[in-house]
Amino acid sequence: MDINEYIASGILELYVAGALSEKENEEVHNMMLQYPEVHEEVLKIESSIVSLTAAASPSDSKQFFPSIKSKLHLQDETSKVIPIKRSRSSWITYSGWAAALIAGIALIYTVNELDNLKEEIQVVETNNDILEEQIEKANSDLAEVKNLVAILRDKNIITVPLQGQQINPEAYAKVYWNRKDDNIYLDAQGLPEPPRGKVYQVWSLKMSPLTPTSLGTLDDFSTDDNKIFRIANPNDSEAFGITLEPAGGSETPTMEQLFTIGVVAAAS
Amino acid sequence: MELNALVSKFQQKDGKAFESLYDMYSESMHGVIYNIVRDHDIAQEVMQDVFLKAWHNADSYSSKKGRFFTWLLNIARNAAIDKTRSKDFKNARKNLDSEFFVDILETEENYSRATDGIGIKSFVNKLAAKCTEIIDLLYFKGFTQKEASKTLKIPIGTIKTRNRNCINELRQMLGV
């Protein structure tokens with residue numbers, strides 16, 4: 001992977017913003033461990049955001065710290081034992097003081113306990129919120145995957161592997177073509193991130209004579225998590241190709257920028 | 001001390017480490033919170049909530065999930081937004097989409113103690129409106145790319161590159 005391209009993609013800025021998925025966060029984290037220049041870049045982005053956000057602070061926030069600290073030490077011993085004077089030594093005085101003392105201690109204890117419980121409830125509520133978010137995310141991810149599996153298992157699906165070409169032999173893609181509903185599902189996971197101002201364009205090809213028909217551009221390539229795209233294809237395609245084109249796409253494919261191509265095996 | 005070491009000490013409930021982290025990030029959180037709630041007292045209340053929450057949930061942070069700053073930022077934004085939805089928040093003026101952080105820099109007089117040296121205010125005024133908008137949504141409000149794309153009515157693919165360019169501009173101004 002080209003590290004400069006990776007840095008220039010803007011993913012690190014979104015990482016600091018907290019706008020990436022859990023999986024992407026882990027990927028960035030691994031990149032940071034692997035490449036010092038990625039780590040360095042993240043630190044710089046973060047430092048600029050720390051300065052910028054701090055500039056919007058309306059007053060000195062250091063002044064709030066003492067009260068936060070004291071809230072965290074709620075359990076500090078606050079009850080003081082009141083000494084009983086020996087001179088008034090009637091048992092009624094003693095028992096009166098003792099009763100008052102016990103009641104006092106019990107009261108302080110109860111108040112403390114109540115505060116602790118309130119604090120605990122808050123902690124549990126926060127944890128609940130976090131868990132709920134995770135469950136929701138997991139559910140929607142699962143639904144998406146189930147949906148995909150159902151599509152790929154359909155018996156009308158034809159699989160067409162697209163091979164990498166000269167420009168990038170490592171690149172690959174796969175087309176799953178449902179001839180019944182005239183849709184293709186393009187798995188473009190194996191394509192590199194397109195450079196700025198460029199976009200991948202998908203073509204349906206007839207072989208003799210070679211006639212390309214555009215199926216459209218992958219405008220949201222960078223932001224699509226699973227990199228699987230559903231594209232309508234009413235054509236009687238004999239092959240599929242993917243080229244890199246200027247943003248907005250081209251009328252005809254730029255053959256020097258042909259990334260992958262694959263022929264439909266047994267057209268039935 | 002190195003950030004990682006500081007964070008793990010904090011996770012072991014070390015008060016000193018907590019205070020160091022507070023010193024590093026509290027101004028930023030205060031800025032983000034105030035930008036959302038637009039009220040000094042409420043901002044202070046939310047600040048307390050946020051750092052208490054951070055303390056109690058310190059275990060839930062892991063560097064695999066993102067930067068510590070980002071983790072804190074998330075807690076702060078969520079707490080502030082929750083506050084604006086609560087019953088005791090009765091200020092009709094609050095509209096998250098229409099107020100950008102820039103007007104705090106323009107109207108507040110006392111924001112600038114620590115940051116004045118950098119003169120960030122004059123820099124930010126030089127940022128294009130399209131930059132302050134996107135920075136506000138992504139960093140101050142915690143919008144996703146999708147939400148930002150909807151609000152700003154620009155394609156989702158543009159968000160990432162535009163934001164990168166804007167942050168680059170900011171970095172040049174700050175010399176970072």
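User: What does buried area mean when we talk about chain A and chain B?

Analyst: Buried area is the accessible area that two parts lose on being put together, summed over both. In this predicted model, chain A and chain B bury about 5600 Å² between them, with 64% of that on carbon and sulfur atoms. On chain A's share, A:Leu52, A:Pro58 and A:Phe65 supply 12%, more than any other three residues.

User: What makes A:Glu46 and B:Arg67 a salt bridge?

Analyst: The cut-off is 4 Å from a Lys or Arg side-chain nitrogen to an Asp or Glu carboxyl oxygen. These two side chains sit at 2.6 Å, N to O, so the pair counts as a salt bridge. The count between chain A and chain B is six.

User: Which helix gives the most to the side of chain A that touches chain B?

Analyst: That's α4(A), with 15 residues. Helices supplying at least two residues each include α4 (36–55) and α6 (91–153) of chain A. By kind, the residues on this side split into 24 nonpolar, 17 polar and 13 charged.

User: How do you know which part of chain B to read with care?

Analyst: Check pLDDT, the predictor's confidence on a scale from 0 to 100. Chain B averages 85, and 84% of its residues score at least 70. Over residues 109–115 of chain B, though, the pLDDT is below 50. Where pLDDT is low, the predicted coordinates shouldn't be read in detail. So the 15 contacts that this stretch has in the model, beyond near neighbours in sequence, fall under that caution.

Methods. Residues are numbered from 1 along each chain as its sequence is written. Chains are lettered from A and ligands numbered from 1 in the order in which they are written. This is a predicted model: local features need pLDDT of at least 70, side-chain atom pairs count only at pLDDT 80 or more; totals for chains, interfaces and linings use all residues. Side-chain values use heavy atoms; hydrogens and water are left out. Contact means heavy atoms within 4.5 Å. Buried area is the accessible area (1.4 Å probe) that two parts lose on being put together, summed over both. Helices (H or I, at least four residues) and strands (E, at least two) are DSSP runs, numbered from the N terminus. Ala, Val, Leu, Ile, Met, Phe, Trp, Tyr, Cys and Pro count as nonpolar, Asp, Glu, Lys and Arg as charged, and the others, Gly among them, as polar.
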